[in-house]
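Here is a short tour to read alongside your model. Keep the sequence and the 3D view open as you go.

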Amino acid sequence: MVFKLYFSILPQTRAANDKLSRRFLSDISLYEGFGEINDADIVTDAGGKPRFKDGRFFFNLSHSKNYIVCAVSDREAGADVEQIRGALIKAAAKILKDQEKETAKKLSGEEKFRYLLNRWVLAEAYVKYTGEGVNRFFKGLPQITELNKTLYLAENGVYLHLFEKEHCSVCAASPYKTPPQWIEIEILPAENG
C-alpha cells in the first residue's frame with residue numbers, strides 16, 4: 001500500500017499556482033523514485049482529472065493561497081487544501097445536506113467556521129477522487145459519515161482523512177482506511193517565479 005500526502009506552506013512572498021503545482025509534483029516524483037516528469041507524461045481523463053499516461057502512480061494536487069498539497073498513491077486518490085476565508089464558508093453552507101445544516105445551526109463562531117470549512121474539503125477531496133469535479137457539487141454529494149474526528153466514509157466506500165492545521169484544513173480521499181503518511185516539504189522562495 002502506498003498512500004502519502006505531501007504538504008507545504010509556501011513563503012509569504014509566493015502564492016500557489018499551476019506552474020508551482022507542476023514543479024511540486026515533479027519534485028515528489030523524483031523523490032519517490034518515479035523519475036522526471038514533463039507535460040507530455042500527464043493526460044486528463046474524460047472528466048478532466050489529470051493522471052499519468054503510463055500509470056506510474058496516482059496523484060491529486062490542490063492549492064489555496066500559500067498552501068499546497070499532493071496525494072500520491074498506488075490507487076486512485078483525491079486531495080483538497082483550503083485556507084480559512086469567508087467566501088469559502090458561504091459556499092460550503094450551500095452544499096450541506098439537511099442533517100449537516102442542522103448541525104451547523106447549533107454551532108457558532110470559530111467552531112461553525114471550522115465545521116463548514118471541513119465539510120467543504122471533505123466534499124472537494126471526494127469529487128476530485130471520483131474525477132467528477134465541481135459539477136458534482138450541484139448534483140448532490142453522497143452521504144459522508146463521520147467515523148471519528150479525522151476519518152470519514154462516503155457511501156461508496158471512499159475513505160476521507162481530515163487534517164486540521166492552524167489556518168487551513170486538508171483532506172485526502174482514497175480506498176484506504178489507513179491514513180496517508182503525512183510529509184511536510186519546505187519550498188524556498190524562488191528568485192525567478
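In helix 1, the buried residues (under 20% relative accessible area with a 1.4 Å probe, protein chains only) are L20, S21, F24, L25, S26, I28, S29 and E32. Helices here are DSSP runs of H or I with at least four residues, strands are runs of E with at least two, and both are numbered from the N terminus. This is a predicted model, in which local features need pLDDT of at least 70 and side-chain atom pairs count only at pLDDT 80 or more, while totals for chains, interfaces and linings use all residues. Residues are numbered from 1 along each chain as its sequence is written, and side-chain values use heavy atoms, leaving out hydrogens and water.

Helix 1 covers residues 18-32, 15 in number, and spans 21 Å from its first C-alpha to its last, close to the 21 Å expected at 1.5 Å a residue (the expected span is 1.5 Å times one less than the number of residues). Right after helix 1 comes G33, with a positive phi near 85°. The strands that help cover the buried residues of helix 1 are listed here.

| Strand | Residues |
|---|---|
| Strand 1 | 3-9 |
| Strand 2 | 42-44 |
| Strand 3 | 50-52 |
| Strand 4 | 58-64 |
| Strand 5 | 67-73 |

In the loop between helix 1 and strand 2 you will find A40. Because its relative accessibility is 49%, A40 counts as partly exposed (between 20% and 50%). A40 lies 9.0 Å from F52, C-alpha to C-alpha, with the two twelve residues apart in sequence.

Now for the nonpolar cores, meaning sets of buried Ala, Val, Leu, Ile, Met, Phe, Trp, Tyr and Cys residues joined through side-chain atoms within 4.5 Å. The largest has 27 residues, and L116, V158 and L160 touch the most other members. Helix 4 (109-130) is among the elements giving two or more residues to this core, and helix 4 gives the most, with eleven. Beyond its neighbours within four places in sequence, V158 is in contact (heavy atoms within 4.5 Å) with Y126, Y129, Y152, L153, A173 and S174. A second, separate core of 16 residues includes Y6, I28, L61 and V72.
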